Amino acid sequence: MRTINFQADFKSWRRAARGLLISKTPPDEVFWDDGSSTSGLFSELSFSAEPRAVNTEALPSGGRATLNIPAAFLGLAEQAACHRDVDRWSLLYKIAWRILYEEERHLLKIETDPEVRRINLLAKEVRRDRHKMTAFVRFRKVGECSDTSREQFVAWFEPDHHIVELTAPFFAKRFAGMDWSILTPEKCVHWNGDQLQFSDGVQKSIAPSSDELDDYWRTYYASIFNPARLKLKAMQSEMPVKYWKNLPEAPLIRELTVASAYRTRGMIDRGVNEERAHVSAKVPRGVPNVESRASIVSPAEFVAASVDADLDQLRDAAACCRGCPLHENATRTVFGVGPQDARIMIVGEQPGDREDLIGEPFVGPAGQLLNRAMAQAGIDRSECYLTNTVKHFKWQQSEGSSSRGKQRLHRNPSASEVQVCKPWVIAEAMRIRPRVLICLGAIAAKALIRSDFRVLAERGKVAGESPLAAHVVATVHPSSLLRWRDGPDKIAAFDGFVGDLKLAARLGAEE
Ligand code: URA
């Protein structure tokens, strides 16, 4: 019995197999050792990244002898060689031997042959794994190369088989214009616009876990999801649950499928009937008693499952939103107002006391200041769509009593309240498709631009693409201007605010 030490890849195996076939070494006299059995046992202790020393050079080379191996076998063998099955090398050699020396030239056509069945199965599983890699790798932007200014991206993927090298050229072709690395536990691949390089595998903890691109993916996924077309079984077999954990849209997939199941089984409509009594008991006089599915699903579920809903349907649904506890103390949901074809969409933080009572955004003191600034900037409010990041008024009763009696004092929404409510404002933007999105204040800017956005440092036109509008402009919240003491600083702050709005007006007027 000969032990053949070789590096665990198709090229090394092929070189070794060629020598053995030329010297007519029968399969049962060969033991293939690619090092994986020992590295499996002692992998905890192994830290050498050096390529494995192999003794295939000692094999008879056969000089210029040619072996008449069918190309179909080589193609199939290259795929099967990427499988994790430890017996794959001996299987490949046995098949090659039979084709060459047992007069079974057409062996691969005999699909019932156990060895042919086996190689086909291995190759199929590898093809499937490669398909998953090409479909489910999600790059995350990590920076820009200071020399070349090329954007740099990293992705994490956990393949089932040894497919990184075989699949890397697909990514080099598809994502040729950016620098990227795909990290996996076994092997990593890197592209610099010119060539592919490979390095040892890494642990998942070094891969970046999330960034703003994730939000874009989720928004995009929700917007293309059509519940009427949902075939859960097909979707699960296309996208096995094990891949979901690394996809930014994964949390949404669950919500989408739940919402879709609700809808198809008519559970939402049944639920609405049961909810109706509860809703009408709570809703103040004058507020329409909206029958909505949203009363029993989260905003994310509703929005994702209602890509065909128009603004009015979204407004009706939001009127019954129970996504977070804020509805308990608010008079009503304050949804956006304005024309559906508005070129400018203005997003504030949350309704204030007046807005909560009247049911419209920006009708209180901050709204009046906004009106004045818009007029100076040459923006016609009636042509804009105005809304808020959070749709319910969050407040706390004032201590003691002022001359105006007890007051409802504004309180900032928590991060989770913003997160739960955010699908409504994203859905509004997706319907309006404004040319310019103006974020007033930190809550709107952090929710819609970047979670670490700093309004004072980064106000004005925001660089980079947004899925929500052609241009995004961030500025201060008008209520912050109300807090300035009268004097030159207050005038300067107001002028700065008007300046930002003028910029938005200019961008909005561009074709
Ligand atoms: N502040 C906001 O952010 N929105 C309003 O609608 C009113 C005040």
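This is a guided tour of selected places in one structure, to be followed in a viewer. The model is predicted.

**First stop: the open sheet**

Select strands 3 to 7. These 5 strands form an open sheet in the order 3-4-5-6-7, and the pairing is mixed. At its edges are strand 3 (140–144) and strand 7 (196–200), each of which pairs on one side only. On average, neighbouring strands of this sheet are turned by 20 degrees against each other, direction ignored. As a general matter, the strands of a sheet pair through backbone hydrogen bonds, either parallel or antiparallel.

Next, restrict the selection to residues 179–183 and 187–191. These are strand 5 and strand 6, which run antiparallel and are joined by 3 bridges. Display the side chains of Trp180 and Trp191. Trp180 stands opposite Trp191, which belongs to strand 6.

**Second stop: helix 6 and Glu165**

Add helix 6 to the view. This helix lies across strand 5, strand 6 and strand 7, and runs at about 140 degrees to strand 7. Within helix 6 (residues 164–174), select Glu165. Is Glu165 buried or exposed? Glu165 counts as partly exposed, because its relative accessibility is 39%.

Which residues does Glu165 touch, not counting residues up to four places away in sequence? They are Lys187 and Phe198. With Lys187 the link is a polar contact between the two side chains, at 2.3 Å. Now select Cys82 as well. Cys82 and Glu165 are 83 residues apart along the chain, and their C-alpha atoms are separated by 9.3 Å.

**Third stop: Asp33**

Move to strand 2 (residues 30–33), where Asp33 is found. Asp33 counts as buried because its relative accessibility is 18%, and the cut-off for buried is under 20%. Show the side chains of Asp33 and Asn5: a polar contact of 3.1 Å joins them. The side chain of Asp33 also reaches the backbone nitrogen of Gly35, at 2.8 Å.

**Fourth stop: strand 8 and its partners**

Select residues 344–348, which make up strand 8. Why is strand 8 described as largely enclosed by the rest of the structure? The reason is that 5 of the 5 residues of strand 8 are buried.

In a regular strand, the side chains alternate between the two faces of the sheet. Colour strand 8 accordingly: Ile344, Ile346 and Gly348 point one way, Met345 and Val347 point the other way, and all are buried.

Then add residues 384–388, which form strand 9; strand 8 and strand 9 pair in the parallel sense over 5 bridges. Within strand 9, Tyr385 is the bridge partner of Met345. Add residues 436–440 to bring in strand 12, which runs parallel to strand 8 and is joined to strand 8 by 4 bridges. In strand 12, Ile438 stands opposite Ile346.

**Last stop: the cysteines**

Finally, select the cysteine sulfur atoms. A disulfide is a covalent bond between the sulfur atoms of two cysteines. How many disulfides does the structure contain? The count comes to 0 disulfides. Cys320, for example, is in no disulfide, and the nearest cysteine sulfur, that of Cys321, is 9.1 Å away. Cys421 is also in no disulfide; its nearest cysteine sulfur is that of Cys321, 6.1 Å away. Cys320 counts as buried because its relative accessibility is 2%. Cys421 counts as buried because its relative accessibility is 8%.

Conventions:
Residues are numbered from 1 along each chain as its sequence is written. This is a predicted model: local features need pLDDT of at least 70, side-chain atom pairs count only at pLDDT 80 or more; totals for chains, interfaces and linings use all residues. Side-chain values use heavy atoms; hydrogens and water are left out. Helices (H or I, at least four residues) and strands (E, at least two) are DSSP runs, numbered from the N terminus. Buried means under 20% relative accessible area, exposed over 50%, partly exposed in between (1.4 Å probe, protein chains only). Contact means heavy atoms within 4.5 Å. A polar contact is a pair of N or O atoms within 3.5 Å; within protein, one must be able to donate a hydrogen and the other to accept it, and residues adjacent in sequence count only if both atoms are side-chain atoms. Two strands pair if DSSP finds at least two bridges between them. Axes are lines fitted to C-alpha atoms, for helices over the stretch in contact, and angles run from 0 to 180 degrees between N-to-C directions. A disulfide is a pair of cysteine sulfur atoms within 2.5 Å.
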